[in-house]
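Q: I am new to this structure. Can you walk me through how to read it?

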There are 2 protein chains.
Amino acid sequence: MTWGRHGHGPRGYHHGNLKEALVRAALDLIAKKGPAGFTFAEAARWAGVSPAAPYRHFRDRDALLASVALQGFERFAAMLATAWNGGKPDPRRAFEELGKAYLAFARTEPAYYSAMFEAGIPLHSNPELLAASERAFAVLRSACETLITAMPARERPPVLMMALHIWAMSHGIASLFGRGDSARRALPMPPEELLEAALLIYLRGLGSSPA
Amino acid sequence: MTWGRHGHGPRGYHHGNLKEALVRAALDLIAKKGPAGFTFAEAARWAGVSPAAPYRHFRDRDALLASVALQGFERFAAMLATAWNGGKPDPRRAFEELGKAYLAFARTEPAYYSAMFEAGIPLHSNPELLAASERAFAVLRSACETLITAMPARERPPVLMMALHIWAMSHGIASLFGRGDSARRALPMPPEELLEAALLIYLRGLGSSPA
DNA sequence: GACCCATGTTAATATCATTTACACACGAGC
DNA sequence: GCTCGTGTGTAAATGATATTAACATGGGTC
């Protein structure tokens with residue numbers, strides 16, 4: 001009962017999958033023209049339905065964007081969790097993988113990333129969205145927790161602070177330098193290395209590394 | 001020859017200051033409804049001219065946005081330079097002031113900040129804009145240089161890398177947590193403290209701080 | 001004092017978001 | 001098998017927007 005609907009081939013009066021198709025269409029359009037260039041009507045066209053059809057599934061344009069962001073946060077959390085992999089083989093290496101995964105997501109899924117962080121969607125207006133973003137952040141936080149417990153008690157920073165620092169650094173690098181073609185600035189090194197170096201320095205600053 | 005033009009009082013056929021008035025109007029509108037909600041027509045209305053008038057001064061909507069961003073980068077650079085103040089009274093303290101100034105700008109001038117970093121304007125399409133952003137970055141970079149020269153030769157990191165790290169961290173905190181009302185997340189501490197702590201840890205990680 | 005050009009205006013086109021009234025179709029119940 | 005109801009689409013209408021083209025104004029120049 002699920003077609004694919006990319007504009008080819010006829011279909012009945014009912015689409016069968018409009019909601020999902022619209023999310024995918026939004027992704028493609030955002031990827032192509034940025035979150036601002038994305039248009040409700042064009043998403044409908046791409047899904048092969050009339051301009052009014054999307055309103056049966058989303059209250060308005062922002063609701064569709066929020067849906068994209070929600071799915072984005074879910075995949076983001078999953079990708080981060082996979083990279084962290086419970087801290088194996090060892091926390092430090094897993095932590096590096098986590099950082100790489102963060103940038104990889106921003107680079108390979110710029111549309112999701114845009115919807116999540118740049119579309120200006122108020123997280124607080126949507127409990128599901130907020131919860132999904134919390135789940136993604138929780139991965140980072142728990143990774144920090146693991147790293148912290150491996151530190152001498154005297155050096156342990158507040159978990160939340162450390163997690164926020166890591167997140168801010170990752171997000172900063174991702175949004176300033178981490179996008180494929182629309183990178184805001186030329187870099188002397190790939191973003192991954194920049195982040196890796198930052199994490200090393202930061203962790204050393206916490207005192208968790210043998211000089 | 002410069003009025004104020006806020007919709008009050010008559011004016012002749014010519015405005016006299018349209019270009020500047022439009023930039024200011026754009027600022028107000030962006031502040032009020034985000035860069036996406038800003039509309040060319042509304043800016044014209046606010047300036048008291050017909051919807052077509054702005055086209056005499058800006059190629060299109062994006063050009064106006066770029067103008068706002070340009071002015072933003074200029075003020076940003078000036079504000080950062082003032083905060084850094086040549087590294088006085090001493091580099092470490094001045095560096096902290098620099099960080100605070102970064103966040104203060106994002107908080108007190110969210111409209112500029114949005115136009116500069118979130119409106120999706122391609123820096124490369126506009127040499128002036130690129131140059132202005134370079135000037136702002138140069139302040140940060142030169143501050144890093146000063147701090148680095150004060151470090152033991154053995155510990156000195158690459159200037160550019162350090163500047164990029166600081167910028168990314170500041171930008172990350174500013175965009176994730178640093179906006180007045182639209183803050184994306186509740187924080188256990190003010191953004192300024194979060195950034196200050198991050199900078200301390202980072203600098204310690206570089207080895208520039210006496211343990 | 002006539003003219004030019006920068007700067008505004010009006011009018012027109014095309015596209016959007018969004019709403020309302022209407023159409024179809026599949027499934028529940030008979 | 002038939003009928004009705006609800007979930008999904010469609011068509012048409014409204015009001016706003018971006019952008020362009022043709023026309024208007026008026027201050028400054030020669």
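Q: How many residues of chain A are buried, as a percentage?
A: Start with the status of the model: it is predicted. Buried means under 20% relative accessible area. In chain A, 49% of the 211 residues are buried.

Q: What does the secondary structure of chain A come to?
A: Chain A has eight helices and zero strands. Read along the sequence, the pattern is α-α-α-α-α-α-α-α. The C-alpha trace of chain A spans about 65 × 35 × 30 Å along its principal axes.

Q: Which residues touch the most other members of the largest nonpolar core?
A: That core holds 160 residues. F95(A), M162(A), F95(B) and M162(B) touch the most other members. Take F95(A), leaving aside its neighbours within four places in sequence: its contacts include W84(A), A143(A), L147(A), M162(A) and L203(A).

Q: What share of contacts in chain A join residues at least 24 apart?
A: Count the contacts between residues at least 6 apart in sequence; 64% of them join residues at least 24 apart.

Q: How is chain A laid on chain B?
A: Here is the general idea. Two copies of a chain are related by a rotation about an axis and a shift along it. In this case, a turn of 180° and a shift of 0.0 Å along the axis lay chain A on chain B, with an RMSD of 0.1 Å. That is the relation of a two-fold axis.

Q: Which residue of chain A comes closest to the rotation axis?
A: G205(A) does, with its C-alpha at 1.7 Å.

Q: Why do the copies meet through the same surface?
A: Compare the interface residues. Of those in chain A, 100% are also interface residues in chain B, so the copies meet through the same surface.

Definitions and conventions
Residues are numbered from 1 along each chain as its sequence is written. Chains are lettered from A and ligands numbered from 1 in the order in which they are written. This is a predicted model: local features need pLDDT of at least 70, side-chain atom pairs count only at pLDDT 80 or more; totals for chains, interfaces and linings use all residues. Side-chain values use heavy atoms; hydrogens and water are left out. Helices (H or I, at least four residues) and strands (E, at least two) are DSSP runs, numbered from the N terminus. Buried means under 20% relative accessible area, exposed over 50%, partly exposed in between (1.4 Å probe, protein chains only). Contact means heavy atoms within 4.5 Å. A nonpolar core is a set of buried Ala, Val, Leu, Ile, Met, Phe, Trp, Tyr and Cys residues joined through side-chain atoms within 4.5 Å. Copies are superposed by least squares on the C-alpha atoms of residues with pLDDT of at least 70 in both.
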